[in-house]
Amino acid sequence: MHLARAPTASLVIQTLLSCNPGCYSKFYMLEHAEWDTRGHSSFAPLKKLPQKFYLLGQNMILLTSCNGLLCLSAVRHKKEVTCVCNIATGEYMTLPGAKTKDDRFWQTIRGFGYSPKTNQYKLIAELALDKGFRRPDFNPAPRVEVYTLGADSWRIIGDAPYSFVGPYFGTFLNGALHCLIQPIDTTDSTSTFICSFDIEKEEFQPFPGPPIQDLGPNWEIEHIHLGASGGFLYLCENYPTSSSVDIWVMKEYGNEQSWMKEFVISNTSWKRGPVYFLNYGMGDEIYALRNFNQLCAYNARSKCFREVQVCGIYPEFHAIPYTPSLVSLKDAVAGEKSKGHIKNIQSLPKKKWVKKLYNFLLSAPFKAEALCGMILPPPKVMGIRLPDPLLRQFE
């Protein structure tokens with residue numbers, strides 16, 4: 001009931017601190033319901049995620065989300081892991097590694113979806129040979145892996161029937177993930193360039209797309225973007241040769257004839273990167289996330305465009321659409337045994353780490369160069385307050 005009423009136009013924001021590697025990314029929640037939409041310059045208030053959230057690991061990267069469950073990657077004990085967590089409940093679980101142990105193959109998460117019939121959440125991944133190891137006599141086809149939340153391991157369901165393109169994740173709608181794929185025939189303007197993956201049946205199918213510009217032999221996937229908002233599938237078409245961004249909306253799911261070019265946005269700044277709509281069908285003013293790092297607002301009636309200011313964070317950030325919910329991982333996993341994989345962020349160990357650091361700082365002789373290569377969370381993030389003499393020695 002809560003999920004059905006949850007605000008859909010929300011974001012999880014991760015600040016990017018590439019200019020200062022010594023700093024750590026910070027994470028925030030931004031909810032559309034609390035945005036100040038008065039006047040021409042809007043202010044979007046932020047909510048900091050709980051401090052314990054940072055204990056999931058280092059170098060965290062937002063990947064994708066489904067029904068309030070957030071998927072992210074992190075480094076823990078010098079090993080990259082993938083986690084699924086619910087920010088509201090504090091529950092999290094660490095996913096097992098890829099099915100293969102061959103380091104030549106690289107796993108790429110392609111989407112996160114849910115089957116209402118089986119009440120199962122599944123992640124889809126592509127397992128492909130790293131480019132550095134490909135040879136004319138050894139270039140196996142990418143394989144598709146599926147992980148059901150709570151299972152002991154990933155399952156390989158076969159070779160990928162299509163060539164996935166772009167770094168973007170599949171769009172979840174109506175029990176299926178929708179992905180952009182390399183057109184089977186770039187000389188045919190009606191060639192399939194979208195596929196769907198049924199979460200319940202675990203089957204790929206070609207999916208009808210809108211009548212966009214002629215694909216042509218030099219067709220490039222980065223000029224279109226697929227998304228879902230308000231229960232509708234949409235596609236943004238922003239070819240460099242065009243002076244506008246065309247927004248297509250599928251009014252009747254699965255019906256190729258129902259694609260309509262609903263918006264034509266002439267603002268050239270929208271032509272950089274993908275566009276995510278956040279509140280389609282919820283009013284005249286549509287909010288969008290452009291290029292993962294810029295909030296914009298477009299009024300469908302007046303055709304006016306403005307930017308939404310996000311104050312209090314670094315100008316460089318990465319954000320993904322997110323629907324906050326009370327969905328429990330214990331209800332999302334399959335089987336009673338699987339519930340043992342679920343932990344709570346509040347139970348993550350901290351005292352042991354603090355004690356080790358404290359004893360290390362007290363040890364003699366203490367040399368600054370001994371810290372070289374160590375990656376330690378800053379005391380403020382960890383909620384630790386060391387004695388001032390130790391802090392000065394640590395600095």
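Ala, Val, Leu, Ile, Met, Phe, Trp, Tyr, Cys and Pro count here as nonpolar, Asp, Glu, Lys and Arg as charged, and the others, Gly among them, as polar. With those classes in hand, the cavity linings can be read. The model is predicted.

Start with the whole chain. It has 5 helices and 26 strands. Of its 395 residues, 47% count as buried. Among contacts with a separation of 6 or more, 52% join residues 24 or more positions apart.

Now look for enclosed space. A search of the whole structure finds 2 cavities of 30 Å³ or more. The largest has a volume of about 120 Å³. Its lining includes Arg-110, Tyr-168, His-178, Cys-179 and His-225. Phe-164, Val-165, Phe-169, Gly-170 and Thr-171 also belong to that lining, as do Leu-180 and Leu-226. By class, the lining divides into 7 nonpolar, 4 polar and 1 charged. Arg counts as charged, and Arg-110 is among the lining residues. Two strands, S14 (176-180) and S17 (224-229), each supply at least two residues of this lining. S14 gives the most, with 3 residues.

Next come the open spaces. The second largest pocket has a volume of about 1000 Å³. Its lining holds 38 residues. Ser-65, Phe-172, Ala-228, Pro-321 and Thr-323 lie nearest its centre. Which elements supply the lining of this pocket? Helix H1 (2-5) gives at least two residues, and so does each of the strands S5, S9, S13 (171-173), S17, S21 (275-277) and S25. The largest share, 5 residues, comes from S5. The lining divides into 24 nonpolar, 14 polar and no charged residues. Strand S17 thus appears twice: it supplies at least two residues to the lining of the largest cavity and at least two to the lining of the second largest pocket.

Turn to the packed interior. The largest nonpolar core has 28 residues. Leu-11, Ile-13, Ile-247, Phe-263, Phe-277 and Leu-295 touch the most other members. Strand S22 (residues 285-290) gives this core its largest share, 4 residues. A second, separate core has 21 residues, including Leu-63, Cys-71, Ile-109 and Phe-112.

Leu-11 is a good place to pause. Leaving out residues up to four places away in sequence, Leu-11 touches Tyr-28, Met-29 and Leu-30, among others. Further along the chain, the contacts of Leu-11 include Leu-278, Leu-289 and Leu-295. Ala-319, Ile-320, Pro-321 and Tyr-322 are also among them. One of these partners, Ala-319, sits in strand S25 (residues 317-322). Ala-319 is buried, with a relative accessible area of 0%. That value is under 20%, so Ala-319 counts as buried. The C-alpha atoms of Ala-319 and Leu-295 are 9.6 Å apart, with their positions 24 residues apart along the chain.

What about the cysteines? A disulfide is a covalent bond between the sulfur atoms of two cysteines. The structure holds 0 disulfides. Why is Cys-83 without such a bond? The closest cysteine sulfur, in Cys-85, is 7.4 Å from the sulfur of Cys-83, so the two are too far apart for a bond. Cys-83 is buried, at 0% relative accessible area. Cys-195 is in no disulfide either; its nearest cysteine sulfur, that of Cys-179, is 4.8 Å away. A disulfide needs the sulfur atoms within 2.5 Å. Cys-195 also counts as buried, at 0% relative accessibility. Its neighbour in this comparison, Cys-179, is one of the residues that line the largest cavity.

Move to strand S6 (residues 69-76), where Ser-73 is found. Is Ser-73 buried or exposed? At 7% relative accessibility, Ser-73 counts as buried. Beyond its neighbours within four places in sequence, Ser-73 is in contact with Asn-59, Met-60, Ile-61 and Leu-63, and with Glu-80, Val-81 and Thr-82. Leu-63 is also a member of the second core.

Asn-59 leads to the backbone. Most residues other than glycine have a negative phi. Asn-59, in strand S5 (residues 58-66), has a positive phi near 55°. Asn-119 is not a glycine, yet its phi is positive too, at about 55°. Asn-119 is placed in the loop between strand S9 (105-115) and strand S10 (120-129). At 35% relative accessibility, Asn-119 counts as partly exposed.

Notes: Residues numbered from 1 in each chain as written. Predicted model: local features only at pLDDT ≥ 70, side-chain atom pairs only at ≥ 80, totals over all residues. Heavy atoms only, no water. 1 Å grid on protein atoms, 1.4 Å probe; cavity = no way out; pocket = protein on both sides within 12 Å on 5 of 7 lines; lining within 4 Å. Points joined across faces, edges and corners; volume = space filled by probe spheres on them. Buried < 20%, exposed > 50% of the residue type's maximum accessible area, 1.4 Å probe, protein only. Core = buried A, V, L, I, M, F, W, Y, C linked by side-chain atoms within 4.5 Å. Contact = heavy atoms within 4.5 Å.
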